[in-house]
Amino acid sequence: MSRKKYSKEFKLKVLREHDEGASFYSLEKKYNITLGTVKRWNSAFRAHGEVVLEHQNSNLCRYTAEFKKKVVMDYLSGGGSGQSVAVKYDIHAQSTVLKWVTQYNSHVELIDSR
């Protein structure tokens, strides 16, 4: 399954509709967007501004083992939910944070990305 790519302009349009009162759920249904996506856009936008709404390519993300451990320690020490920690460290998806936490808790060594 391939991921849909949404333009920055489209994301801003959807977020404006949310600001005008539309729920995340109704917007995701209206535009056939995966559940949770609009909420993630909103969190990232509120934390970092429009720049995070540009297309992102996860293949270009490179994280050091030290950075991953810092993120994991923040999450495990109650620094927030997977989503809020992802936003705080400018990580595209909360699933990335949770994957690192699972690896760490399973005693799998966190290594530098690609």
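Okay, let's start in a loop: Asp90 sits between α5 (82-88) and α6. Helices here are DSSP runs of H or I with at least four residues, strands are E runs of at least two, and numbering goes from the N terminus. Asp90 isn't a glycine, yet its phi is positive, about 60°. It counts as partly exposed because its relative accessibility is 48%; buried means under 20% relative accessible area, exposed means over 50%, and partly exposed is in between, with a 1.4 Å probe and protein chains only.

Before I go on, the housekeeping. This is a predicted model, so local features need pLDDT of at least 70 and side-chain atom pairs count only at pLDDT 80 or more, while totals for chains, interfaces and linings use all residues. Residues are numbered from 1 along each chain as its sequence is written, and side-chain values use heavy atoms, with hydrogens and water left out.

Now the overall picture. We've got six helices and zero strands, so reading along the sequence gives you α-α-α-α-α-α. The C-alpha trace spans about 45 × 30 × 25 Å along its principal axes. The chain has 114 residues, and 34% of them count as buried. If you take contacts with a separation of 6 or more, 58% of them come from residues 24 or more positions apart; contact here means heavy atoms within 4.5 Å. The accessible surface is about 7500 Å², and carbon and sulfur atoms own 51% of that. Those areas are Shrake-Rupley with a 1.4 Å probe, and for residues only the protein chains shown count as cover.

On to α1, residues 8-19. Its 12 residues should span 16 Å at 1.5 Å a residue, and the end C-alpha atoms are indeed 16 Å apart. The expected span, by the way, is 1.5 Å times one less than the number of residues.

Which residues of α1 are buried? Phe10, Lys11, Leu12, Val14, Leu15 and Glu17, so two of the names on that list, Lys11 and Glu17, are charged by the usual split. That split puts Ala, Val, Leu, Ile, Met, Phe, Trp, Tyr, Cys and Pro as nonpolar, Asp, Glu, Lys and Arg as charged, and the others, Gly among them, as polar. The cover over the buried residues of α1 includes α2 (24-30) and α3 (37-48).

How do α1 and α3 pack? Their axes are 10 Å apart, at an angle of about 95°. Axes are lines fitted to C-alpha atoms, for helices over the stretch in contact, with angles from 0 to 180 degrees between N-to-C directions. That makes the pair roughly perpendicular, going by the 65 to 115 degree window; under 35 is roughly parallel, over 145 roughly antiparallel, and the rest oblique. On the α1 side the contact uses Phe10, Lys11, Leu12, Val14, Leu15, His18 and Asp19, and on the α3 side Val38, Trp41, Asn42, Phe45 and Arg46. By class, that's seven nonpolar, two polar and three charged.

Just past α1, Gly21 has a positive phi of about 120°. Then comes the loop between α1 and α2, where you'll find Ala22. Ala22 is partly exposed, at 22% relative accessibility. Leaving out neighbours within four places in sequence, Ala22 touches Glu17 and Leu27.

Next, α4. It also has 12 residues, and it reaches 16 Å from first C-alpha to last, close to the 16 Å expected. Buried in α4 are Ala65, Lys68, Val71, Val72 and Asp74, with α5 and α6 included in what covers them. After α4 comes Gly78, with a positive phi near 90°.

What angle do the axes of α4 (65-76) and α6 (94-105) make? Roughly 90°, coming within 9 Å, which makes them roughly perpendicular. From α4 the contact includes Phe67, Val71 and Tyr75, and from α6 it includes Trp100, Val101 and Tyr104. The residues of this contact divide into 11 nonpolar, one polar and two charged.

Last stop, the segment after α6. His107 is there, with a positive phi near 60° in a residue other than glycine, and it's exposed at 76% relative accessible area. Arg114 lies in that segment too, and it's exposed at 63%. Arg114 and Lys70 are 44 residues apart in sequence and 18 Å apart C-alpha to C-alpha.
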